[in-house]
Amino acid sequence: MDIVPIPADTYKLGFIGAGKMAESIARGAVRSGVIPASRIFTASHSNSSRGDAFQSFGVSLLSSNDDVVRESNVVIFSVKPQVGIVINHSHSLFLITAAFNCIFTPFSPPVAAVKDVVLKLNPLLTKNKLLVSVAAGVKLHDLQEWAGHNRFIRVMPNTPAAVGEAASVMSLGGAATEEDANLIAKLFGSIGKIWKADEKYFDAVTGLSGSGPAYIYLAIEALADGGVAAGLPRDLALKLASQTVLGAASMVTGTGKHPGQLKDDVTSPAGTTISGVHELEKGGFRGTLMNAVVAAAKRSRELA
């Protein structure tokens, strides 16, 4: 059976589930001009504030998931691990999301929730539908088995999607086309940057970019505390720490220089910066960050 292309310039986008990640994707797509708000839909939510959030930037709030699916040919499932949904008939692209930044326990496994959603959808999931998952720890092999075909793309974004600065990675299933990949790259490109990689790297991706924002928040907090200890007012210290991290990251991405070279450029002999770097090295700063990424990646494998 031939793959039916998703009409990239005219598709309508529906969200089943109205959580923060769904909102980030919708806002980013509208803000960047990928799709107008008039072609985006979601359904009434038990938490009325979620529907209000979508309506605040022009998304239509419909009475039911059925209506959303009928109106849309691109349907995004934004489902937390512990929350089930009512599955409706459609002829659409599906994005099945599952709270990738949650803390999972043995009593609320992400795989079981996503499996339940996909299996309920199985009779509807023809190859005319492009399936996308952002559920952490749920492998393409399982997703494709539950769906009954392999037109699947797995994406791992992170929480800075909320401010349009996500670091996302995608991996294509067996029947996903380059056109499918381009559509998803454009959609997720509206909330940050996205790269393509083999799925075997996704546990490491989780350990680095998935969990990485928390490491950086700790670093910003520690820098601000250091500023306070050195005599700065708290509000000024936090502003300086945040902007310093933002600026340093922009130097890496903007100049193309290796971080080590950029560090060397600002460490003059016997100066203030090398004195601070020396203390970081004595404290095992780099090794601790490396260990954090490895530990989070290991935990990702365990959860899967």
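Three short exercises on a predicted model follow, each with a worked solution.

**Exercise 1. Strand β1**

Task: Work out which residues of strand β1 are buried on each side, and how β1 connects to strand β2.

Solution:
- Start with the general rule. Side chains in a regular strand alternate between the two faces of the sheet.
- Now take β1, residues 13–16. Leu13 and Phe15 lie on one side, Gly14 and Ile16 on the other.
- All four are buried, so both faces of β1 are covered; buried means under 20% relative accessible area.
- Next, look at the pairing. β1 and β2 (residues 40–43) run parallel and are joined by three bridges.
- Gly14 of β1 has Phe41 as its bridge partner in β2.
- Finally, follow the chain. From β1 it passes through helix α1 (residues 20–32) to β2. This β-α-β crossover is right-handed.

**Exercise 2. Ala296**

Task: Decide whether Ala296 is buried or exposed, and find its contacts beyond four places in sequence.

Solution:
- Locate the residue. Ala296 sits in helix α12, residues 285–303.
- Check its relative accessible area: 17%. The cut-off for buried is under 20%, so Ala296 is buried.
- List the contacts, leaving out neighbours within four places. They are Gly207, Ser211 and Tyr215.
- Take Gly207. It is 89 residues from Ala296 along the chain, yet their C-alpha atoms are 4.5 Å apart.

**Exercise 3. A surface patch**

Task: Classify Leu236 by its accessibility and name the patch that includes Leu236.

Solution:
- Place Leu236 in helix α9, residues 234–255.
- Read its relative accessibility: 37%. Partly exposed lies between 20% and 50%, so Leu236 is partly exposed.
- Add Leu232 and Leu240. With Leu236 they form a nonpolar surface patch. Together the three have about 230 Å² of accessible area.

Conventions: Residues numbered from 1 in each chain as written. Predicted model: local features only at pLDDT ≥ 70, side-chain atom pairs only at ≥ 80, totals over all residues. Heavy atoms only, no water. Patch = residues over 30% accessible without salt bridge, like charges linked within 9 Å, V, L, I, M, F, W, Y side chains within 5 Å. Areas by Shrake-Rupley, 256 points an atom, 1.4 Å probe, with all protein chains shown as cover. Salt bridge = Lys/Arg side-chain N within 4 Å of Asp/Glu carboxyl O. Helix = DSSP H or I, 4+ residues; strand = E, 2+ residues; numbered from the N terminus. Buried < 20%, exposed > 50% of the residue type's maximum accessible area, 1.4 Å probe, protein only. Pairing = 2+ DSSP bridges. Right-handed = clockwise from strand over helix to strand, strands pointing away. Contact = heavy atoms within 4.5 Å.
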